[in-house]
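Dear colleague,

Here is the structure that I promised to pass on to you. Please have it open while you read the notes below.

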Amino acid sequence: MPELASRAHLQNIVPVVDAAVKKAGVQLQDVDAIAFTQSPGLIGALLVGAGFAKSLSLALGKPLIAVHHMQAHVMANLINPPLPEFPFLCLTVSGGHTQIVQCQSPYDMKVIGETIDDAAGEAFDKTAKLIGLPYPGGPLIDQYAALGNPQAFSFPEPKVDGLNFSFSGLKTSILYFLQNAGKSNVYKEAFTATEEEKKQFIQTHLADICASVQHRIIHILLNKLQKASQQTGIKTICIAGGVSANRGLRNELTRLGGQLNWKVFIPPFEYCTDNAAMIAITAHYKYLQNDFVKEDVVPMARAEW
Ligand code: KG4
Ligand code: ZN
């Protein structure tokens, strides 16, 4: 609910900034610059952050730095040592995006593959909704999957050219699978379950459904990552974004990395989901290049980077 999100930002921004400077043990006057997220996101929330950052920058006489949220997810890998060496590939998997980014330096990053429809996080969240779990469903599917058998049910791998992803077909096949109470992935094939049969099936197979769906999502992601590594010759691999908190993905990536001689970097949980430290580390590199913006800068709901 965008309206509620904007209001919540308005209510929280002053207390959050107060708490952050207190926790960091600094005075606002001591910071070198003020950074904010320019895009992408809900425009109302972005406007609150941008307006507040501009005011603070003017009041304190500090330069202003605009940060792209998706670049910041990648840069989360540069917060805590050991740091990956450039060049590296980053699989960024969040609620709104699924991208493979080729990173030559902090100033040279190129998206070489992305989803043509749903994001990986959406695939988790939409599956959760179909099986009656609350939003955001990703962390819950992760929990149930740990108790289930990933081979229990099989879901199709989408056929998408190059390094791009697609998750909308998976969602549809899960919908049909549930409508058929696990007997088929195909629309109205032979059997259509009643609501009661469907509920029963989900209840008794929840862990196996979660484990099987998660298994498919992870393999869609890792197959393309492997392809990207083959194409670019880059074997230093990072992940980022909310879905990189997924334990199955972290384990499988570590296992595959061991097999393929990759150097794998996985940020701590708190830097995987949305956080302000990733905005700050991106701003740090921009600061070193005097990459500042003026007060007339505008936030954007969508923007390339
Ligand atoms: O990066 P993020 O925090 O926010 C966006 O910028 O979108 O990502 C949120 C997404 C949600 O779709 C959420 O379900 C997913 O990350 N997510 C997970 C896990 N934790 C968060 N998905 C799978 N397993 C998790 N443990
Ligand atoms: Zn995010």
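**Notes on the structure**

P82 is found in the loop between α3 and β3 (88-93), where helices (H or I, at least four residues) and strands (E, at least two) are DSSP runs numbered from the N terminus. A cis peptide bond, with omega about 0 degrees, joins P81 and P82. The loop between α3 and β3 also holds P87, and the peptide bond that leads from F86 to P87 is cis as well, with omega near -5 degrees.

Before going further, please keep in mind that this is a predicted model, in which local features need pLDDT of at least 70 and side-chain atom pairs count only at pLDDT 80 or more, while totals for chains, interfaces and linings use all residues. Residues are numbered from 1 along each chain as its sequence is written, chains are lettered from A and ligands numbered from 1 in the order in which they are written, and side-chain values use heavy atoms, with hydrogens and water left out.

The zinc ion (ligand 2) has as its protein donors H69 (NE2), H73 (NE2) and D274 (OD), which lie 2.0 to 2.1 Å from it; donors are N, O and S atoms within 2.8 Å of the metal (3.2 Å for Na, K and Ca), and water is not among the atoms, so sites may look incomplete. H69 and H73 both lie in helix α3, 4 residues apart, which is about one turn of the helix. Both of these histidines, H69 and H73, are buried (under 20% relative accessible area, with a 1.4 Å probe and protein chains only; exposed is over 50%, and partly exposed is in between).

H69 also takes part in the surroundings of ligand 1, since an N or O atom of its side chain is 3.1 Å from an oxygen atom of ligand 1. A nitrogen atom of ligand 1 is 2.9 Å from an N or O atom in the side chain of D142, and for the side chain of N246 the corresponding distance to a nitrogen atom of ligand 1 is 3.0 Å. The protein covers 86% of the 560 Å² of accessible area that ligand 1 has on its own, as given by the Shrake-Rupley method with a 1.4 Å probe.

Finally, two residues other than glycine have a positive phi: A181, near 45 degrees, and N261, about 65 degrees. Are they buried or exposed? A181 is buried, with a relative accessible area of 12%, whereas N261 is exposed, with a relative accessible area of 64%.

With best wishes

Conventions
A polar contact is a pair of N or O atoms within 3.5 Å; within protein, one must be able to donate a hydrogen and the other to accept it, and residues adjacent in sequence count only if both atoms are side-chain atoms.
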